[in-house]
Amino acid sequence: MLLRTDRDTLLSPLATVCGVVERRHTLPILSHALLQADGETLTFTASDLDIQVESRRKSHAEQAFRLCVPARKLLDILRALPAGCELQLKQQGNQLLLLAAGSRFQLQTLPAEDFPLLAVDDDAACSLALSQGELKRKLGQILYAMADHDIRPYLNALLLQLDGESLRLIASDGIRLALQRYPLPQAQAPRQMLLPRKAALELAKLLADQDETIVLTLGARQLDCRLGDTRLRCKLVDARAPDYLRLLPDKHDCELTLPRQALLQAVQRVAVLAHAKIRQLELAVRPGQLALRCRNAEREEAEEILPADWQGEPLDASFNLQYLLDVLSHLPAEHLRFGLGAGQRGLLVTNPEDPHFLYLAMPLRG
């Protein structure tokens, strides 16, 4: 007998770590989670060799033990069991026997000593105590701008940049970037680190919509995140990001303040007739109005005209409509401010309600 407990004591920590478990793996051990009990604590740990997540719960075990269990199989079993039901875990040779609610499951285990735990990075530069809810909100407004499977590794990552009394969070795919600043109570030494895309997305999922604290420890080769009973550690991307701030335009030929929801709905409507591959959205700014147009290969066209607070020279520009849909969908603001420039200058989006956010999208070349 290893453990007597209720289903939820196992389900909650296992569900927390399972996001790291690879569905397609070359090493069988990577489909497993390390389950260990020591005294009054039960811990699940999952790893993909670059990211490691562990989650602890208080639970009294019959004896101390360590073994590797098939993570997703066990998760599916626990989810299928009645909520709150009691269960027993027993070890029979290299198998784990689970008894609960009249059900019996036998799972193949692997030796705990084979589990690939990340080595601890002792070279910690600094630690930051942040609000989980605030960090979750800020990440939710920028992570969509990261690249996926780009040949440039720094684009498949979230840039964390300490600059004076703020932490910059920057996501970019090379054509657009989204930036949020997190003000800090005291100044920190300048430095930057690249958090892998998967780790950034996993961190955002772990964060709670509450004012509980998360402690980020920035090391030379790792980022260590501690939030409650959960800990995420990951290797950093070994690359250097460009100076994104140099891309920001210092002036605009046109500035508009528009209602976010009305603009979002208008873009969604004209997008119905957008070109399937190019996804081009044409913007035509005229005194008192903004015209949105999409055309497709069948020579079909959609146009929508919105009132705009502009009385200057006409201006035309074209952008990937998905880049506009993304920023409009992820911000909760009532109004957004748009800066446009002639030529190849990008579209700069800012939030009058949040001075720490900005978004830049480069135009499509004609």
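**Exercise 1.** State in which sense β15 and strand β20 (residues 335–340) pair and over how many bridges, then place both strands in their sheet.

*Solution.* Step 1: the pairing of β15 with β20 is antiparallel and comprises six bridges; strands pair when DSSP finds at least two bridges between them. Strands (E, at least two residues) and helices (H or I, at least four) are DSSP runs, numbered from the N terminus. The model is predicted, so local features need pLDDT of at least 70 and side-chain atom pairs count only at pLDDT 80 or more, while totals for chains, interfaces and linings use all residues. Residues are numbered from 1 along each chain as its sequence is written, and side-chain values use heavy atoms, without hydrogens and water.

Step 2: within this ladder, L258 has L336 of β20 as its bridge partner.

Step 3: the open sheet contains six strands, ordered β10-β11-β22-β21-β20-β15, and its pairing is antiparallel. β10 (157–172) and β15 (254–259) each have a single partner strand, so one side of each lacks a neighbour in the sheet. From one strand to the next, the twist averages 25°.

**Exercise 2.** Identify the strands across which helix α3 (residues 132–140) lies.

*Solution.* Step 1: α3 lies across β10, β11 (176–196) and β22 (354–361), running at about 150° to β11. Such angles run from 0 to 180 degrees between N-to-C directions, with axes fitted to C-alpha atoms, for helices over the stretch in contact.

Step 2: α5 also packs on this sheet, where it touches β15 and β20 and makes about 95° with the direction of β15. Contact means heavy atoms within 4.5 Å.

**Exercise 3.** Describe the sheet that contains β16 and β17, and find the helices lying across these two strands.

*Solution.* Step 1: this open sheet has four strands in the order β18-β17-β16-β19, with antiparallel pairing. Its edges are β18 (301–307) and β19 (315–320), each paired on one side only. The twist here averages 20° from one strand to the next.

Step 2: β16 (residues 280–286) and β17 (residues 289–295) are joined by five bridges. In β17, R293 is the bridge partner of E282.

Step 3: α5 (residues 260–270) lies across β16, β17 and β18, at about 165° to β18. α6 (residues 321–330) lies across β16, β17 and β19, at about 80° to β19.

**Exercise 4.** Characterise the packing of α5 with α6.

*Solution.* Step 1: their axes are 10 Å apart and the angle is about 145°.

Step 2: the crossing of α5 and α6 is left-handed, that is, the near helix is turned anticlockwise from the far one by less than a right angle.

Step 3: R260, L263, L264, V267 and Q268 of α5 meet L321, L324, L325, L328 and S329 of α6. By class, this contact has seven nonpolar residues, two polar and one charged; Ala, Val, Leu, Ile, Met, Phe, Trp, Tyr, Cys and Pro count as nonpolar, Asp, Glu, Lys and Arg as charged, and the others, Gly among them, as polar.

**Exercise 5.** Determine why α1 and α2 are classed as oblique.

*Solution.* Step 1: the axes of α1 (residues 7–17) and α2 (residues 71–80) come within 10 Å and cross at roughly 140°.

Step 2: the two helices are therefore oblique to each other, since angles under 35 degrees count as roughly parallel, over 145 as roughly antiparallel, 65 to 115 as roughly perpendicular and the rest as oblique.

Step 3: R7, L10, L11, L14 and A15 in α1 meet A71, L74, L75, L78 and R79 in α2. These residues divide into eight nonpolar, no polar and two charged.
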